[in-house]
Amino acid sequence: MRRLLLYLTQNGMEAFYRSGRRAGTTGSRRLFALGKSVLSVAAPQFHGSDLYHDLPVHPPPNPQPLSIDPSSSNLSPVDRFKDAKPFSHFLTDNFNRQHTYLRISVTERCNLRCTYCMPADGVPLSPSAQCLTTPEIVYLSELFVKEGVTKIRLTGGEPTVRKDILPLMHEIGRLRTKGLQELCLTTNGISLHGKLDAMVEAGLTGVNLSLDTLDPYQFQLMTRRKGFDAVIKSLNRILDMNRLGAGIKLKLNTVVMRGVNEREIVSFVEMGREHDIEVRFIEYMPFDGNKWSRQKMLPYKEMVEIIRQKYPNLCKVREEGKNETSKTWHVPGFMGRVGFITSMTENFCGTCNRLRITSDGNLKVCLFGNSEVSLRDLLRTKNKGEPIDWAAMKTMKQIEMDRPQVPAGNAEPLGYLDHERELLDIIGIAVKQKKARHAGMGQLENMKNRPMILIGG
């Protein structure tokens, strides 16, 4: 306790909150409850610049760096190179793309009915027995992390409607000791605000919040549901926690459709004037049942010109990593940034490092591809085809503890259990069949694919 108080005194609340979250303690929650200032923002009408008019403006937190284990920091480059492992050949495709990012859909259910995501009459949901159980999701997550995946994003449907989403995130969060670096969530924000504290303690590092309009009435038209105020409450909650040092990487995902919400592009940009928000405008993409048309699709270059009419000094930012999906821009003087996801007009297939697992356990190597392979069925062969619960998984784990280790420097899967080897072989075959790029406009809209809600955003 004495060391805890000393750390708090010397480094401030932000650094303590950051440290407590990573350590998985409840101290961070108590401190946050003590130090937070709850934001109550009136529902905005139309303008992003008015959305946070009453919020206090704070500079971004600058916590003290956390201590690093000397045993790792004192290693020479030669020693570090000796410890380095070759990247998994199972997750490397024929174009030498290494897949370090796994997106897992944890449910097909959603509390909204967005027009670009779901047909108006809904979609037939898979029986619960056909969806992955929590032990199965955790098992597959661990398998992918062991092979080199460093980032996992939970999607849906709407992931927060899954009843055991918090225990699931805690289990996946434990994979940080095995190489997982980021645990992220894509959400519509309707019920996020009530779960956010617990998610951060579980290891949540990033949130992509879907918000396509700043007009409450347009929100209801686009989502076929009410809930705008709840989304804004979740957005404000993240901003509030970040001012206390939570370090949640926040992005807003905005699907832009011509004749629907393109008039709000500038208002979204202005949300970043005084707040560290990255708004990412997404080109409207075709999926089953969303009535895509070329006329509704607004190309990214047109979006840029719309912004430049008011902010002519909008400039492009150098990309941070080779696997970035978003072209990033910035208005000088703004805290936030603007991104464009250009899947339709300028694809980024050449640097794609993403794989997807659907809620019913199928592996998709490309969002726009219509080929899938069932990992669920193969995983369940060791359980007579039945869903794997924690008791069955415990038995599998016990066997795993007794397995022989992979000899150092051996690229072959010697020492893997039979079901692990079978899964990795199937995963490797699927990854090797990934194409150099997806089809373009004129082809995509005619290809058979799932509705977006059944893929996972």
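**Close-up views of helix H9 and strand E1**

**View 1. Helix H10 helps to cover helix H9.** In this predicted model, helix H10 (228-243) is among the elements that cover the buried residues of H9. Those buried residues, within a helix that spans residues 216-223, are Pro216, Gln218, Phe219, Met222 and Thr223. Looking down the axis of H9, you will find them within an arc of 155 degrees, so they line one face of the helix. As a reminder, an α-helix has 3.6 residues a turn, so residues three or four places apart point the same way. Turn to the other side of H9 and you meet Tyr217 and Leu221, which are exposed.

**View 2. The two ends of H9.** At the N-terminal end, Asp215 acts as the cap of H9. Here, a side-chain oxygen of Asp215 lies 3.0 Å from the backbone nitrogen of Tyr217. After H9 comes Arg224, with a positive phi near 60 degrees.

**View 3. Strand E1 is mostly covered.** Take a look at residues 101-105: 5 of the 5 residues in E1 are buried. Tyr101, Arg103 and Ser105 point one way from the strand, while Leu102 and Ile104 point the other way. Residues pointing either way are buried, Arg103 and Ser105 included.

**View 4. Strand E1 with its partners E2 and E10.** E1 runs parallel to strand E2 (residues 151-155), and 5 bridges join the two. Among the paired residues, Tyr101 has Lys151 of E2 as its bridge partner. E1 also runs parallel to strand E10 (residues 354-357), to which 4 bridges join it. In that pairing, look for Ile104 opposite Ile357 of E10.

Notes. Residues are numbered from 1 along each chain as its sequence is written. This is a predicted model: local features need pLDDT of at least 70, side-chain atom pairs count only at pLDDT 80 or more; totals for chains, interfaces and linings use all residues. Side-chain values use heavy atoms; hydrogens and water are left out. Buried means under 20% relative accessible area, exposed over 50%, partly exposed in between (1.4 Å probe, protein chains only). The arc is that of the directions from the helix axis to the C-beta atoms. Contact means heavy atoms within 4.5 Å. A polar contact is a pair of N or O atoms within 3.5 Å; within protein, one must be able to donate a hydrogen and the other to accept it, and residues adjacent in sequence count only if both atoms are side-chain atoms. Two strands pair if DSSP finds at least two bridges between them.
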